[in-house]
Number of protein chains: 2
Amino acid sequence: GVTFESISPADFFYRNRSIAGFDNNMRALYTAVRELVENSLDACEDGGFLPTIDVKLSEVSSNWYKLRVKDNGIGVPRDHILPAFGQILYGSKYEHKQARGRFGLGGKMAFLFGQITTSEPLHVITAPVDEDHIFEVLLRQDIEENKPELVKWERRKNRDKKHGCTLEFTLEGNWRSAKRFIIDYIEQTALITPYAHLKFTEPDGTIHDFKRSVKKLPPPPTPVNPHPKGMDIEQLSRLIEDTKTRDMVTFLRTHFHRVGPKTAKAFLKTINMPFSQDPRALKPNDLVKIARGLEVFNKWLPPDARVLSPLGIKLLELGIRSTLNPEFVHVTQRPPNSYGGHPFIVECGLAYGGGVPMKESIIIYRFANRIPLIFDEYKDVSAKIVRAIPWSRYRIRPGMPIAAFVAVVSTKIPFKTAGKEFIADLTELEYDIRMGLMECARNLKGHLRQKEKVQREQVR
Amino acid sequence: GVTFESISPADFFYRNRSIAGFDNNMRALYTAVRELVENSLDACEDGGFLPTIDVKLSEVSSNWYKLRVKDNGIGVPRDHILPAFGQILYGSKYEHKQARGRFGLGGKMAFLFGQITTSEPLHVITAPVDEDHIFEVLLRQDIEENKPELVKWERRKNRDKKHGCTLEFTLEGNWRSAKRFIIDYIEQTALITPYAHLKFTEPDGTIHDFKRSVKKLPPPPTPVNPHPKGMDIEQLSRLIEDTKTRDMVTFLRTHFHRVGPKTAKAFLKTINMPFSQDPRALKPNDLVKIARGLEVFNKWLPPDARVLSPLGIKLLELGIRSTLNPEFVHVTQRPPNSYGGHPFIVECGLAYGGGVPMKESIIIYRFANRIPLIFDEYKDVSAKIVRAIPWSRYRIRPGMPIAAFVAVVSTKIPFKTAGKEFIADLTELEYDIRMGLMECARNLKGHLRQKEKVQREQVR
Ligand SMILES: Nc1ncnc2c1ncn2[C@@H]1O[C@H](COP(=O)(O)OP(=O)(O)OP(=O)(O)O)[C@@H](O)[C@H]1O
Ligand SMILES: Nc1ncnc2c1ncn2[C@@H]1O[C@H](COP(=O)(O)OP(=O)(O)OP(=O)(O)O)[C@@H](O)[C@H]1O
Ligand SMILES: [Mg+2]
Ligand SMILES: [Mg+2]
């Protein structure tokens, strides 16, 4: 007969680690660096600190590398050190707020890959902000049970009041193949995080030092209620289960983003629901009615852009000019939009000429919640849109030196893989990316037409 | 400060369902059909029964569809009905054997999507083989706790001794957009499963009836020990934890695929380990030594092809000819290979002319463990290889009517997403796909050269 079993989520991601970005020794090394740098950037921004992040990769023996990442972030509170680093699907980024982290597994998958290839434990030194001690911990993961295994725990007084986290572990990797992608990732991260000081040391000792060029943090994102558009019945039932409200108008105003009394009442009228209806008395059929109505109702206010923290067109243009020194740049920020209850903002840019390389097709730079996406460009929704735009209509021909920039921020980036390599084909997102790039294309067309005109007059 | 939480695996895949193939209402409807058909095919083959599968999609209201799938497989044993359909990461396909299922979540994600869009429960009627009763169950999923919620349970005597499973649930879907992909999937499944009787009824009543054209099942795959190449330390420690063996030669012979006493001793010599070493006394350093040694040792026997169940070049050619009626076909089966302890076999085919459509680039048909892969072709490892092959060297030019077929079977297909849409870029796999397609290309070149010669002589 057949044998039934259940496996832990750690076991699932161990057995199927290509889903989390650990396909092979090249991708594993890249993803490990990515996941730790993103954890450090989140930890610094969470505390309002200008990030200082030191990444060091050193060769232990052929194919074995020690990765060490040190930051000045908020550190990890004592009671959460073991599960934060040893329990898959445990983390501090499950709330409805823009962050690089989201899944509760990235950093841990990196340590897990180190453990299964070298058997070495994870070494953590952390000085959590608001606590008086520094904790130095060695731990492993019990993959079958999905829990941390403590190897060593030490605590000492935090005399100089510094805060932050240093992580070190050893993993098998393919540096020769990963090198250009890792360096590309670090450079692009520095491009869109000019307020961070990022230092990366290669195994051969070469140092890439990206000093801060901006001395203050951008306004941080804030936690936010879900936007009413695209709610599903599970989300609704969870809100109803925990709600303290006792009528539907207050329910809508309390739990959804930017819903005032007038809008709430107008909505309830469209589904023939009394304003005084107690949310806890709703039947399953009512939930269906509400979910469908929320999707169809078209008088919702769009999400408030201030809950998100986009790059800003000034910063995006600065980054493009400093990286590529182009002859022409146009950047634009789309109005806030939302999908499935999650607000998002798309920013687009086109750069032409100057230092932009000439390639057969348009080079695409992609950013999602300030994470540069380096792999699988042609699989990404941005590439799908770039392929579909009728560029010749804007006098843009193959072989021209053109680079496109697409930056998305959201309370939830719809990644297609747990390795955050590329974004799913989401209809609302496709619309904004297309509109943004076409606006940039129209502006570039004007520049090209002007340039042609000048060139023709020179010929005469 | 920050708030730490953990979430259940059901909650993870609910929140991030694009990772499981439920990106939007079109993909969700497609993936739901796929997952249930594959569960039914596995259930029939597990019991050695010629599959008879009846898939019916009917429109409940605008955008709501009822999906009903009935099969004559082994059914689900009474004690496993609730977790099999209500607990994510629970299933019968975790063993080391070729199967369509693997993750323990596909069918459940389909029902979950139905539940969150319509609030309707899953309706199961199952007659498990080897039991005397038929069970009729209504259930929902408690997503936050990752456990089934029983709504109704009935049992009656199984008088006519039939066996199988019928599943029915309602989900929001986009049939208009999904239609061509779903029909494509059903047709390609019929192509590579000629021993199955597959019937699909569209919402408008149109019936696609694919009768059996082959009257017996192919030899089934068998459970197998992992192949020694590409073991990691976690796999080794699990084997050691459970082993009844007390010396390393017996350990290797008992737990690995095709390792005899001579090979085991030769291997142990290469890592200076005594034959009598007790596996339970191994230190972490020894595990590292063994893992590295297993990877480097080059005298392992390749995996025994008989544990896998490839299509076979006869069946593949039959399927290609019946679908496309080409002027020329060449198919080939690569020798067994393995990666990470998992044996795999690649079969390739090229079809030219006749009914093969003329497209700008080569059309690629992909199969993984007899699952047709319909989406995301350009993201798949096969497409990566097709783009990289220098076709002009074989007189194959763009615009020729050419279709490529790549079928992979393995104890573990390295899917890049939990939605099984495409395969990760695995080095060993890339090698075999390239060699297989180039062999077909050489044969096609011969055919094209012959054809040109004949045409030139006709001109004279
Ligand atoms: N350098 C760090 N400083 C402070 N806290 C950290 C650091 N690295 C990880 N953490 C904590 O550990 C938690 C788990 O990290 P992990 O990378 O596994 O998941 P995540 O970042 O929450 O989500 P994702 O899987 O998307 O990366 C984080 O949520 C954070 O609270
Ligand atoms: N039609 C069916 N007949 C018999 N057993 C079934 C059927 N459908 C599902 N099952 C059982 O329920 C289990 C869970 O199915 P589910 O699709 O969720 O996961 P899986 O098939 O094991 O893996 P995957 O996520 O890769 O599909 C299966 O392993 C199988 O034992
Ligand atoms: Mg993280
Ligand atoms: Mg399944």
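Let me open with a question: is B:Asp42 buried or exposed? B:Asp42 is buried, with a relative accessible area of 5%. Please keep in mind that what we are looking at is a predicted model.

Let's stay with that residue for a moment. B:Asp42 sits in helix α2 of chain B, the helix that covers residues 25-46. Buried here means a relative accessible area under 20%, and B:Asp42, at 5%, therefore falls in that class. So what does its side chain reach? The side chain of B:Asp42 comes to 3.1 Å from the backbone nitrogen of B:Arg100. If we set aside neighbours within four places in sequence, B:Asp42 is in contact with B:Lys93, B:Ala99, B:Arg100 and B:Gly101.

Now, over to the ligand. Ligand 1 has 24 residues around it, and the nearest are A:Ser92, A:Arg102, A:Gly106, A:Gly107 and A:Lys420. Which chains supply the surroundings of ligand 1? Residues from chains A and B both surround it, so this is a site shared between chains.

Let me walk you through some polar contacts. In the side chain of A:Lys93, an N or O atom is 3.0 Å from an oxygen atom of ligand 1. A:Phe103 takes part through its backbone: one of its backbone N or O atoms is 2.9 Å from a ligand 1 oxygen. A:Gly106 also uses a backbone N or O atom, at 2.6 Å from an oxygen atom of ligand 1. How much of ligand 1 does the protein bury? Taken alone, ligand 1 exposes 590 Å², and the protein buries 97% of that.

If you would like to find the shell on your screen, look at chain A. The elements there that give two or more residues to the shell around ligand 1 are α2 (25-46), α3 (81-86), β4 (90-91) and α4 (106-118). The one that gives the most is α2(A), with four residues. Sorted by class, the shell holds nine nonpolar, nine polar and six charged residues.

Next stop, a helix. Find α6 of chain A, residues 233-242. How many of its 10 residues are buried? Seven are, and the helix is mostly covered. The buried ones are A:Ile233, A:Glu234, A:Gln235, A:Leu236, A:Arg238, A:Leu239 and A:Ile240. What do they pack against? Within chain A, the partners are α7 (248-255) and α9 (284-296), and chain B adds α1 (9-15) and α4 (106-118). There is also a nice detail at the N-terminal end of α6(A), which is capped by A:Asp232: a side-chain oxygen of that residue lies 3.0 Å from the backbone nitrogen of A:Glu234.

From a helix to a strand. In β8 of chain A, residues 164-172, seven of the nine residues are buried, so the strand is largely enclosed by the rest of the structure. Strand β8(A) pairs in the antiparallel sense with β3 of chain A (residues 64-71), over eight bridges. One bridge to look for joins A:Lys66 to A:Thr170 in β8(A). Strand β8(A) also pairs with β5 of chain A (residues 122-127), again antiparallel, over five bridges. Here you can look for A:Val124, whose bridge partner in β8(A) is A:Leu167.

Another strand residue to visit is A:Phe405, in β16 of chain A, residues 402-410. A:Phe405 is buried, with a relative accessible area of 1%. What does A:Phe405 touch? Not counting residues up to four places away in sequence, its contacts include A:Ile320, A:Leu324, A:Tyr365, A:Phe367 and A:Leu437. Along the chain, A:Phe405 and A:Ala441 are 36 residues apart, and their C-alpha atoms are separated by 12 Å.

Finally, two backbone curiosities in chain B. B:Ser119 has a phi near 70°, a positive value in a residue other than glycine. You will find B:Ser119 in the loop between α4 and β5 (122-127) of chain B, and at 10% relative accessibility it counts as buried. B:Asp376 is not a glycine either, yet its phi is positive, at about 55°. Its place is the loop between β15 (371-373) and α11 (381-388) of chain B. B:Asp376 counts as buried too, at 7% relative accessibility.

Thanks for listening!

Notes: Residues numbered from 1 in each chain as written. Chains lettered and ligands numbered in written order. Predicted model: local features only at pLDDT ≥ 70, side-chain atom pairs only at ≥ 80, totals over all residues. Heavy atoms only, no water. Near = heavy atom within 4 Å. Polar contact = N/O pair within 3.5 Å; in protein donor to acceptor, adjacent residues only side chain to side chain. Areas by Shrake-Rupley, 256 points an atom, 1.4 Å probe, with all protein chains shown as cover. Nonpolar A, V, L, I, M, F, W, Y, C, P; charged D, E, K, R; others polar. Buried < 20%, exposed > 50% of the residue type's maximum accessible area, 1.4 Å probe, protein only. Contact = heavy atoms within 4.5 Å. Pairing = 2+ DSSP bridges.
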